[in-house]
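Q: Could you take me through one part of this protein up close? I'd like to see how the pieces there sit against each other.

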Amino acid sequence: MSEATGSMLGRRQWLAATAATLVVAFDPVRGVWLSRAQAHDGAVSVPDLDGELVFEPAALEEAADDFGHIVHDRPWAVLRARSSTDVQRMVRFVFEQRVFQQRRANHHGLTICMRGQAHSTHGQAQAAGGVVIDSRGLDQIASVGPHGARVGPGVRWLDLLSASLEQGLTPPVLTDFIELSVGGTLSVGGIGGATQHHGLQADNVLELEVVTGRGQLVTCSPRRRRALFESVLGGLGQLAIIVSATIRLIPAPSNARVYQLFYTDLARFTRDQRRALRDGRFDYLEGQVLPQPDGSYQFLLEAAAYYTPPELPDDAALLAGLEPIEGATLVDEHSYFDWQNRLAPLVEALRANGAWGLPHPWINVFLPARGADAFIQNVLDELRPEDTGGGPILCYPFRRSRLSRPFVAIPDADVVVIFGLLRFAAPEPALVDALVAQNRALFESARDLGGKRYAIGSVPFSLADWAEHFGERFPAFAALKARFDPGGVLTPGQHIFPRSDSP
Ligand SMILES: Cc1cc2nc3c(=O)[nH]c(=O)nc-3n(C[C@H](O)[C@H](O)[C@H](O)COP(=O)(O)OP(=O)(O)OC[C@H]3O[C@@H](n4cnc5c(N)ncnc54)[C@H](O)[C@@H]3O)c2cc1C
């Protein structure tokens with residue numbers, strides 16, 4: 001066979017590799033996979049693997065899709081990894097063929113990236129013509145205790161939370177939806193209602209094991225190879241692939257008392273959010289804009305106080321000085337787990353009715369608090385119902401000083417607001433294109449205010465945009481890229497360091 005389509009390679013098959021039809025090598029000159037019979041001197045051997053290297057069309061199509069359903073970059077192969085060694089061997093393989101390619105200056109360099117739950121929306125976890133590593137098999141929770149939880153990159157936060165709660169512990173920060181992979185959110189940041197106190201998920205990591213773009217397995221932490229550690233967290237998969245993470249854990253409460261405060265006035269809503277942020281009275285602080293049937297908007301300040309009886313939250317103290325619509329405040333009780341997993345029933349319903357599979361041209365921007373209200377008001381003035389398709393509009397503040405990772409780009413302001421249009425679009429290419437163009441325009445207005453984009457959404461970005469995104473830290477980021485991923489093989493779907501041979 002000339003190409004490996006339809007084949008699947010695993011350890012047992014390799015050990016029994018008598019069949020001349022099995023793929024054993026990649027020809028970097030012609031850009032084709034080779035069977036044993038076809039392998040020749042210039043070809044790079046495919047490594048022995050614990051997992052499976054898959055070429056089936058269905059697997060390639062899955063890897064060429066994500067939650068956005070907008071970008072479809074088809075890889076050459078998917079590695080269903082079963083061990084860190086698989087990741088290391090495959091990255092080294094891709095790096096070696098890249099070095100070969102650079103020597104020959106031909107045009108078939110492979111790239112490689114890890115795919116978590118693929119909940120980014122614009123091809124960030126895709127690798128056109130490259131290898132996508134599916135991390136779902138790297139889902140071991142190796143240990144959980146007061147000193148942290150050591151987990152594989154494919155572990156979902158939901159599973160980590162379940163395991164840690166058995167020991168009365170919890171990760172300090174959880175995203176709103178917790179079926180995201182640890183490796184995925186640590187690579188982008190991971191923000192939630194506890195960010196106001198604890199920073200991003202990427203700020204709550206004690207140690208990492210990573211595979212660099214050279215295929216080297218490296219352990220890093222605040223004490224060992226600190227620069228690499230800090231840069232991989234929120235580093236958008238550019239410097240290394242996370243194969244294990246030790247996550248900080250804190251004592252878990254048993255209950256969450258949830259407060260929903262409604263407003264008709266944007267300024268009053270954001271003032272109360274910032275008041276609550278300032279004194280840190282709530283454990284969780286978020287907010288949403290709620291479009292009304294008559295075209296107006298309400299605003300929801302959503303907050304939670306965590307506790308373990310017999311201790312109880314003091315409602316009067318928590319609500320003191322806040323000025324929502326009188327008589328409309330809702331107070332609800334949940335177990336801590338149910339609260340953190342609150343989106344599960346909604347997501348199940350969206351999966352059942354097909355909305356989960358619609359295009360999601362999302363945008364999230366970080367805005368300096370000064371100027372944020374005017375920006376948000378402008379966006380809301382222009383927004384039509386079909387622009388969000390009923391998807392949530394997020395809006396909540398946090399303090400920049402709680403965040404510490406150098407390459408998570410955040411506006412230079414004490415208080416920062418995340419504003420997001422989590423759109424659900426009808427599957428019409430013209431509409432989706434228009435919404436992506438709207439995202440671009442919205443990003444530009446945010447940028448002009450000193451805002452930054454959260455790199456999980458659907459905003460076309462040029463190299464110049466990335467340079468501006470990282471600002472004065474861009475040369476340092478580029479230098480780390482050159483050091484840890486000299487072949488430029490890692491995570492091409494972010495399009496930060498385009499290669500001359502990019503498809
Ligand atoms: C319903 C929903 C709710 C969400 N809520 C939140 C929220 O509250 N807060 C928030 O911050 N985000 C939220 N997100 C966005 C989410 O954090 C990002 O989309 C994140 O990337 C998801 O993780 P994932 O496992 O799907 O990563 P993927 O989309 O698979 O990957 C994201 C990026 O990280 C890279 N990557 C993945 N694994 C690794 C690894 N092990 N090593 C190196 N690079 C890797 C990928 O190549 C890709 O570039 C939400 C998304 C959805 C769909």
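A: Sure, and keep in mind that this is a predicted model. Let's start with helix α14, residues 429-448, which lies across β20 (363-368), β22 (415-421) and β23. Relative to β20, the helix runs at about 10°.

Those three strands belong to an open sheet of 8 strands, and if you walk across that sheet you meet β19-β16-β18-β17-β21-β22-β20-β23, with antiparallel pairing. The edges are β19 (330-335) and β23 (452-453); each has a single partner strand, so one side of each is left without a neighbour in the sheet. Over towards β19, strand β16 (residues 255-263) runs antiparallel to β18, and 9 bridges join the two. If you want a spot to click on there, try A256, which stands opposite Y306 in β18.

β18 is also worth a look for its part in the packing. The largest nonpolar core has 109 residues, and β18 (residues 297-307) gives the most to this core, with 7 residues. The residues with the most contacts inside the core are W157, L186, L208, V210, I247, F375 and F419.

Two of those names lead on to other elements. W157 sits in helix α4 (residues 157-165), where it is buried along with L158, L160, L161, A163 and S164. The cover over the buried residues of α4 includes β9 (141-145), β10 (148-151), β11 (169-170), α5 (182-188), β14 (240-247) and α10 (336-340). L186, for its part, is in contact with W157. Leaving aside neighbours within four places in sequence, the other contacts of L186 include L208, V232, I242 and I247.

Next, the helix pair α8 and α12. Helix α8 (residues 266-279) packs against helix α12 (residues 372-382) at an angle of about 140°, with their axes 11 Å apart. The two are therefore oblique to each other, and their crossing is right-handed. At the contact, L266, A267, T270 and R274 in α8 meet A372, D373, I376 and Q377 in α12. On spacing in general, an α-helix has 3.6 residues a turn, so residues three or four places apart point the same way.

For a contrast with the 8-stranded sheet, there is also an open sheet of 3 strands, in the order β3-β2-β4, again with antiparallel pairing. Here β3 (32-35) and β4 (44-45) stand at the edges with a single partner strand each, so one side of each is left without a neighbour in the sheet. Strand β2 (residues 23-27) pairs with β4 over 2 bridges, and F26 has V44 in β4 as its bridge partner.

Methods. Residues numbered from 1 in each chain as written. Predicted model: local features only at pLDDT ≥ 70, side-chain atom pairs only at ≥ 80, totals over all residues. Heavy atoms only, no water. Buried < 20%, exposed > 50% of the residue type's maximum accessible area, 1.4 Å probe, protein only. Helix = DSSP H or I, 4+ residues; strand = E, 2+ residues; numbered from the N terminus. Contact = heavy atoms within 4.5 Å. Pairing = 2+ DSSP bridges. Core = buried A, V, L, I, M, F, W, Y, C linked by side-chain atoms within 4.5 Å. Axes fitted to C-alpha atoms, helices over the stretch in contact; angles between N-to-C directions. Parallel < 35°, antiparallel > 145°, perpendicular 65-115°, else oblique. Left-handed = near helix turned anticlockwise from the far one by under 90°.
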